[in-house]
Amino acid sequence: MRVSEIAAFIHDDRDATMKYESITEESVGAFVEFFYAKIRRDTALAPIFNEALSGRWDHHIATMRDFWCSALRVKRGYHGDMLAAHRKVRRLDRSLFPRWLALFQETATEYFASEPARILCDRALRIARNLETALFEPLPSSDRGHLRANATGPARAQSGC
Ligand code: HEM
């Protein structure tokens, strides 16, 4: 069984009071594993991911570790095109974004102390809103700069973390 498959099935026996206090390569890596373990158990999101990623889950988890390390400025490493990747995802519906964000927020607040959790959620919210707009309300002249993992941009709303 591969690492990401184990993460999807094992019970997390970490002491619930022990939360990561800082955003590091290690804590972000663990967070990504936990978040996608939740995604894989989610009845709305799991089928979308499973269809797109059949046999490629471990590669996806590694890409997402790079992505979040870049997005949170822990370490550069993500050089993909997330907009193009999502355009290829079948049945990716706008209505799934609140569920994705809710799971992200739930995981962030479970595993990080309040300040790092807030930073993660703010970042996710900004990127999710930009991605949602680019996918469902495309601008006439495409400007993808805001979808790079390390791009900055104005937050349009505060996260609930
Ligand atoms: C309903 C919401 C979402 C769904 C269902 C979804 C689904 C997926 C799927 C299936 C892939 C794999 C595509 C492939 O490799 O063939 C993917 C890739 C990815 N997703 Fe999402 N996604 C969602 C939202 C988000 C959000 C909000 C973010 C960031 C904040 C994000 C970041 C990424 C990144 C960085 C990749 C990797 C792109 C690459 O391969 O370079 N996704 N997503």
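## Burial and overall fold

A residue is buried if 20 or more other C-beta atoms lie within 10 Å of its own, exposed if 12 or fewer, and partly exposed in between, with the C-beta atoms placed from the backbone. By that yardstick, buried residues make up 24% of the 161 residues in the chain. Bear in mind that this is a predicted model: local features need pLDDT of at least 70, side-chain atom pairs count only at pLDDT 80 or more, and totals for chains, interfaces and linings use all residues. Residues are numbered from 1 along each chain as its sequence is written.

The chain has seven helices and zero strands, so you read it as α-α-α-α-α-α-α along the sequence, with helices (H or I, at least four residues) and strands (E, at least two) taken as DSSP runs numbered from the N terminus. Two residues are in contact if their C-beta atoms, placed from the backbone, lie within 7 Å. Among contacts in the chain between residues at least 6 apart in sequence, 78% join residues at least 24 apart.

## Around the ligand

There are 22 residues around the ligand, and Ala52, Gly80, Ala85, Leu96 and Ala128 come nearest. To count as near, a residue needs its C-beta atom, placed from the backbone, within 6 Å of the molecule or strand in question. The elements giving two or more residues to this shell are α3 (46–53), α4 (57–71), α5 (82–87), α6 (97–111) and α7 (114–136).

Sorted by class, the shell has 17 nonpolar, four polar and one charged residues. Here Ala, Val, Leu, Ile, Met, Phe, Trp, Tyr, Cys and Pro count as nonpolar, Asp, Glu, Lys and Arg as charged, and the others, Gly among them, as polar.

## How α2 packs

Helix α2 (residues 25–41) packs against α4 at an angle of about 130°, with the axes 9 Å apart. That makes α2 oblique to α4, since angles under 35 degrees count as roughly parallel, over 145 as roughly antiparallel, 65 to 115 as roughly perpendicular and the rest as oblique. (Axes are lines fitted to C-alpha atoms, for helices over the stretch in contact, and angles run from 0 to 180 degrees between N-to-C directions.) On the α2 side the contact uses Glu25, Val28, Gly29, Val32, Glu33 and Tyr36, and α4 brings Ile61, Met64, Arg65, Trp68 and Cys69. Those residues split into seven nonpolar, one polar and three charged.

With α6, the axis of α2 comes within 10 Å and the two cross at roughly 135°, so α2 and α6 are oblique to each other as well. From α2 the contact takes Ala30, Phe31, Phe34, Phe35, Lys38 and Ile39, while α6 supplies Leu103, Phe104, Thr107 and Tyr111. That set divides into eight nonpolar, one polar and one charged.

## Loop residues to look at

Met18 sits in the loop between α1 (3–9) and α2. It counts as exposed because it has 9 C-beta neighbours inside 10 Å. Met18 and Glu110 are 92 residues apart in sequence, but 9.3 Å apart in space, C-alpha to C-alpha.

Most residues other than glycine have a negative phi. Arg73, in the loop between α4 and α5, has a positive phi near 60°. With 13 other C-beta atoms within 10 Å, Arg73 is partly exposed. Arg91 is in the loop between α5 and α6, and its phi is also positive, near 65°. Arg91 counts as exposed, because it has 9 C-beta neighbours inside 10 Å.
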